[in-house]
Amino acid sequence: MADIPTKAKVVIIGGGVVGCSSLYHLAKKGWTDCVLLEKNELTAGSTWHAAGNVPTFSTSWSIMNMQRYSTELYSGLAEEVDYPMNYHQSGSIRLAHTKERMQEFERALSMGRYQGIEMEMWTPEEAKARYPFLETHDLEGVLWDPSDGDIDPAQVTQALAKGARDMGQKIIRFCPATGVTQNDDGTWVVHTEKGDIECDYVVNAAGYYAQRVGEWFKPYGGRTVPMMVMSHQYLLTEQIPEVEAWSKEHGGKLPLIRDVDVSYYLRQEKNGYNLGPYEPNCKGHWMTEDDQMPDDFSFQLWQDDLDRIEDIVTDAMERVPLMASSGVSSVINGPIPYAPDGLPLIGPMPGVKNAFEACVFTFGIAQGGGAGKVLAEWIVDGHTEWDMWAVDPRRYTDYTDQDYCNQKGMEVYGNEYAMHFPQHEWPAARDKKLSPNHARVKKLGGVMGAYNGWERANWFAQPGDDTSEASTHTWGRSGPWEQRIKEECEAVRDACGVLDLPGFTRLWVKGEGADEWLRGFVTGGLPKVGRINLVYVADSRGRIVTEFSCIRLEEDSFVLITAATAQWHDGDMVRNSVPAGVTVTETTNDRDALLVAGPTSRDVLAGLTDADLSQGWLTHQWAKVAGKDAFLIRVSFTGELGWEVHAANEDMPAIYEAIFGAGAKPFGMYALNSLRIEKGYRAWKGDLSTDYSMLEGGLERFVKLDKPQDFTGKAAIQSEKQQGRKKAFVTLKVDAGNADAPYMSCISHGDEIVGETTSGAWGYRVNSSIALGMVRTDLAVPGTELEVEIYGVKCKAVVQEDQPMWDPANERLRA
């Protein structure tokens, strides 16, 4: 039996592929005094029964990065650690039945090309030539990914474990962790049945047991891990002579097939087939009182339930008739953890210092290599190479109760290969957080979207408009919403609009020393008392971490307002940074906000308030609105004259009704997005992310290198300023067709990819498609002609002046 060390730099709880990859990557970064604890044998959880597919395909930039890294790591791992592995990069044929699916494939292909993955679009005939057993008569086309394939899950886990051990790491098997205790200095004691281990950091990598492990952290600020467990089946056929003959002739395996419109994968397993469906009539487990998770489910499976997948099996046999010539040899039906969006949790544990998560992996084998890299970077460096917000545990907040997790997990599983259209809202588990004006907004025609659990109107439908879910199944901008968005933008341009905006993150920072702390926390200067400005936080590389609206109430009293989705991300960052004597009070859930904007907004408010509406831009004041206490801020994300009106939840319905009654027209989030893009205003985790530095983001005016405070990233920004930035933020006018540029569309100059879009939309005030993005610095010159690839179509794009396309002198904003 291995000795239990009493101290370690990091303790990882969980011995699946992700835990072992994390241990391995910590060692690669020089932290070789870490320990992994596994209650049973390595791979005893979801890893042991995983199918072992290793795709790179994703329409998420960060997920594609992570999966691509996994394929690169696995390709050389056997030789590096001297541990033989079965890894077959057979390539995959991804089938498209519709033009919309072809557009999705074109988008992924473009992103893959940017990352160095040589994907190709094939005709059905080309696919048939590569895979003679495939029926292609009803296909629009095929995406070929040469790097796709499969790997033995146990072997890759053991290889990572061996590599970690060889570098000095310790793995203790058959040693369940039983709890944790945090010391006063923020370090940890991890308790086991064989003794305690003191450590600086602890990682929850417990797979489908992650929620149970997560409960141990609640006394130290933690929350219930947002997850549930699905029953996933795949079946193996008996051996098929034709498959064996093809493999001998071609010296390898048939490509893997993914029929994503039907929802299954089909791959060669030895000389038979492995079929893995994601059925709509799916089943969750361990969700009810009479179906409790056992204390130990190591190396166990459930009984098969083939009736659930019968239709998909039949479809697969019609697609590859050869499959029907063989019987089923075995069925694997095991637990797979699901987060509410189907993506894992990798990064800082919300609310808890020095604790991290690397858990709830639905595709752990494909993502395990990249996940270990990302987790090790978080712990050792405090940041990651790629912006990984898509998997950051702090992307969820307090709305993710178990009912939400169960409903969303079932929805995601049943739509595993579904297309994520830009105007589509998933219907399960809605109405978790409601504005005090919610009923009124809905009555006015609000078509709602969820933002950090908060329901906000995306657009306002008129009687007779099609608000069905089916109407949103398009990549294009046109739909029943298009005319309404245009009308809403024109109302803000010509008169006055009002947007109900629940969920703003509000942090009141107060106390002696708050001023000095904040000067050292942000990159730029602070407003004077009575004023407001934007402030930014950078990481040690000078990259953009977040943006706050900073309101100065008194010398040592500030309100920091940030995006709804940033609530736990930014809240943790502020609370973990303030010195003793400075308090942080959050009022996010207690107050609501309205955006009131347009050239007549002063007239609309004048009859309702005692506020001094002559006060200039970037000021704030307390006042009465409709007889209720309110806080007015003279800012406008629309680029028009306007105010934010903040008030207590109980007072907001009267204020909203009064403003609406005074002539304001309701507008939604889609119109706001159009309006802000015309002004070049950046959106968090799109245009503003850790993929870009402050200087690349065009935010130099928010950096004060001459201030005495040594804010995070100061040295890196100074160095970059001397050496020159590699990319530059630009606004592009795009000759787009019927779709605007989505996030991470490739920007080309000739045959060379020179940048990427960070957001795009139609600008109804300037009557043009606009994209914000990053390009090579030498091309960030007004008038430069580039091309933006939008769902496979290259569209001419012209770099604009470094100023807003709408009202470049901000005359309307300052009116």
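## Exercises on a predicted model

About 40 Å³ of space lies in the second largest cavity. Keep in mind as you work that this is a predicted model.

**Exercise 1. Find which elements give two or more residues to the lining of the second largest cavity, and sort its lining by class.**

Step 1. Start with the residues. The lining is made up of Arg 107, Ser 110, Met 111, Met 744, Ser 745, Cys 746, Glu 789, Ile 790, Tyr 791 and Gly 792.

Step 2. Match them to elements. Two or more residues come from each of H4 and E37. The top contributor is H4, with three residues.

Step 3. Sort by class. You should find five nonpolar, three polar and two charged residues.

**Exercise 2. Work out in what order the six strands of the barrel follow one another, and which helices lie on that sheet.**

Step 1. Go round the barrel. Its six strands follow the order E33-E36-E35-E34-E37-E38, and they pair antiparallel. On average, neighbouring strands are turned by 40° against each other, direction ignored.

Step 2. Now bring in helix H4 (residues 99-114), which packs on this sheet and touches strands E33 (727-734), E34 (746-749), E35 and E37 (785-790). The direction of H4 makes about 140° with that of E35.

Step 3. Look at one pair of strands in detail. Eight bridges join E35 (residues 752-763) to E36 (residues 768-776) in the antiparallel sense. Among the residues involved, Trp 762 has Ser 769 of E36 as its bridge partner.

Step 4. Add the second helix. H18 (residues 669-678) lies across E35 and E36 and runs at about 125° to E35.

**Exercise 3. Describe the neighbours of strand E13 and say where its side chains point.**

Step 1. Begin with a general idea: side chains in a regular strand alternate between the two faces of the sheet.

Step 2. Check this on E13 (residues 256-259). Leu 256 and Arg 258 point one way, while Ile 257 and Asp 259 point the other way. All four are buried, meaning under 20% relative accessible area.

Step 3. Find the parallel neighbour. E4 (residues 92-96) pairs with E13 over four bridges in the parallel sense, and Ser 92 is matched with Leu 256.

Step 4. Find the antiparallel neighbour. E14 (residues 264-269) is joined to E13 by three bridges, with Ile 257 partnered by Leu 266.

Step 5. Follow the chain from E13 to E14. The two strands form a hairpin with four residues between them. In its turn, Ser 263 has a positive phi of about 95°.

**Exercise 4. Find which residue takes a positive phi in the hairpin of E29 and E30.**

Step 1. Locate the strands: E29 (residues 620-625) and E30 (residues 628-633) pair in the antiparallel sense over six bridges.

Step 2. Look at the turn end, where Val 625 stands opposite Lys 628.

Step 3. Two residues lie between the strands, and Ala 626 takes the positive phi, near 55°.

**Exercise 5. Identify the edge strands of the open five-stranded sheet.**

Step 1. Write down the order, which is E24-E25-E26-E23-E27, with antiparallel pairing.

Step 2. Read off the ends. E24 and E27 (583-586) are the edge strands, since each pairs on one side only. From one strand to the next, the twist averages 30°.

Step 3. Look inside the sheet. E23 (residues 505-510) and E26 (residues 557-562) run antiparallel and share six bridges; Thr 505 is partnered by Thr 562.

Step 4. Place the helix. H15 lies across E23, E24, E25 (544-554), E26 and E27, at about 65° to E25.

**Exercise 6. Explore the second largest pocket: which element gives the most to its lining?**

Step 1. Note the volume, about 890 Å³.

Step 2. Examine the lining of 35 residues, where Pro 348, Trp 378, Gly 382, Arg 394 and Met 573 lie nearest the centre.

Step 3. Assign elements. Strand E19 (355-359), helix H10 (364-381), strand E24 (532-538) and helix H15 (567-575) each supply at least two residues. H10 gives the most, with four.

Step 4. Finish with the classes: 16 nonpolar, ten polar and nine charged residues.

Definitions and conventions
Residues numbered from 1 in each chain as written. Predicted model: local features only at pLDDT ≥ 70, side-chain atom pairs only at ≥ 80, totals over all residues. Heavy atoms only, no water. Pairing = 2+ DSSP bridges. Axes fitted to C-alpha atoms, helices over the stretch in contact; angles between N-to-C directions. Contact = heavy atoms within 4.5 Å. 1 Å grid on protein atoms, 1.4 Å probe; cavity = no way out; pocket = protein on both sides within 12 Å on 5 of 7 lines; lining within 4 Å. Points joined across faces, edges and corners; volume = space filled by probe spheres on them. Nonpolar A, V, L, I, M, F, W, Y, C, P; charged D, E, K, R; others polar. Buried < 20%, exposed > 50% of the residue type's maximum accessible area, 1.4 Å probe, protein only.
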